[in-house]
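Got the viewer open? Set the cartoon and side chains to your liking, and let's take a walk.

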Amino acid sequence: MSTPSIADAYFSIPELMRVARGSYKRAVDERLAAGGFEDLPNPGGFLLAYLANDEESIPERVEGLGITKREFSQLVDILVLRGYITRVIDPKDRTVSFALTERGRAAQEASAEGARYVDEELERRLSEAELAGLRRGLAVLGEIKRSLPGPAIRRGLPR
């Protein structure tokens, strides 16, 4: 008797998203561990990718990471301390800039390799039309999120 597919076991989109959401993380974590980057905190890999691609302003990065300004500052401190990034403060206007170190570039490449693996598996397992539909559906979910008013309630485990 064959094992039922995940699509047969889960019916709602939120359930399917919950089951699927760890695919990229697991592949990225595997590559990070193989490269000796087990001390890279979450969501440090995303910040390294932002820096590698020179994407977004600091406020946009904070929002994109889904963390507070204070948590962003703590994340930067950890990444500087662990040798993933450097922080430079311009003495003239006190603006802050960040840059990847050699270690940060290597960790970012390991993360990108893990993400590419999942992307390639999706391309291998889905037709072009299915992949286009997946991309469009995810984009629409992002648009819906942006259209909702107000900040999200943060519900984590009690600290």
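Start by selecting Ile13, Met17, Leu134, Leu138, Leu141, Ile144 and Leu148 and showing their side chains: together they make a nonpolar patch on the surface, with about 640 Å² of accessible area. This is a predicted model, so keep that in mind as you click around.

Next, colour the elements behind the patch. Those that give two or more residues to it are α2 (13–20) and α8 (128–147). Which of the elements gives the most to the patch? That's α8, with four residues.

Now zoom in on Leu134, which sits in helix α8. Is this leucine buried, exposed or partly exposed? Its relative accessible area is 35%, so Leu134 counts as partly exposed, since that class runs between the 20% and 50% cut-offs.

Time for some backbone. Select Asn42 and Pro43 and look at the peptide bond joining them: it is cis, with omega at about -5 degrees. To get your bearings, show the flanking helices too; Pro43 is in the loop between α3 (22–34) and α4 (44–52).

Then jump to Arg94. What is odd about its phi? The angle is positive, at about 65 degrees, although the residue is not a glycine. Colour β1 (85–89) and β2 (96–100), and you'll find Arg94 in the loop between them. Switch on the surface here as well: Arg94 has 58% relative accessibility, so it counts as exposed, the cut-off being over 50%.

Zoom out and go back to the cartoon. How many helices and strands are there? The chain has eight helices and two strands. Trace them along the sequence and you get α-α-α-α-α-α-β-β-α-α, with the two strands following six helices and two more helices coming after. If you draw a box along the principal axes, the C-alpha atoms fill roughly 65 × 40 × 35 Å.

Now colour by accessibility. Of the 159 residues, 23% count as buried. The accessible surface of the whole chain is about 12100 Å², and carbon and sulfur atoms own 56% of that.

For a contact map, keep pairs with a separation of 6 or more: residues 24 or more positions apart account for 48% of those contacts.

Last stop: select the charged side chains. There are 24 positive and 25 negative ones, and the centres of the two sets lie 7 Å apart.

Definitions and conventions
Residues numbered from 1 in each chain as written. Predicted model: local features only at pLDDT ≥ 70, side-chain atom pairs only at ≥ 80, totals over all residues. Heavy atoms only, no water. Buried < 20%, exposed > 50% of the residue type's maximum accessible area, 1.4 Å probe, protein only. Contact = heavy atoms within 4.5 Å. Areas by Shrake-Rupley, 256 points an atom, 1.4 Å probe, with all protein chains shown as cover. Lys, Arg positive; Asp, Glu negative; His and termini not counted. Charge placed at Lys NZ, Arg CZ, Asp CG, Glu CD. Patch = residues over 30% accessible without salt bridge, like charges linked within 9 Å, V, L, I, M, F, W, Y side chains within 5 Å. Salt bridge = Lys/Arg side-chain N within 4 Å of Asp/Glu carboxyl O.
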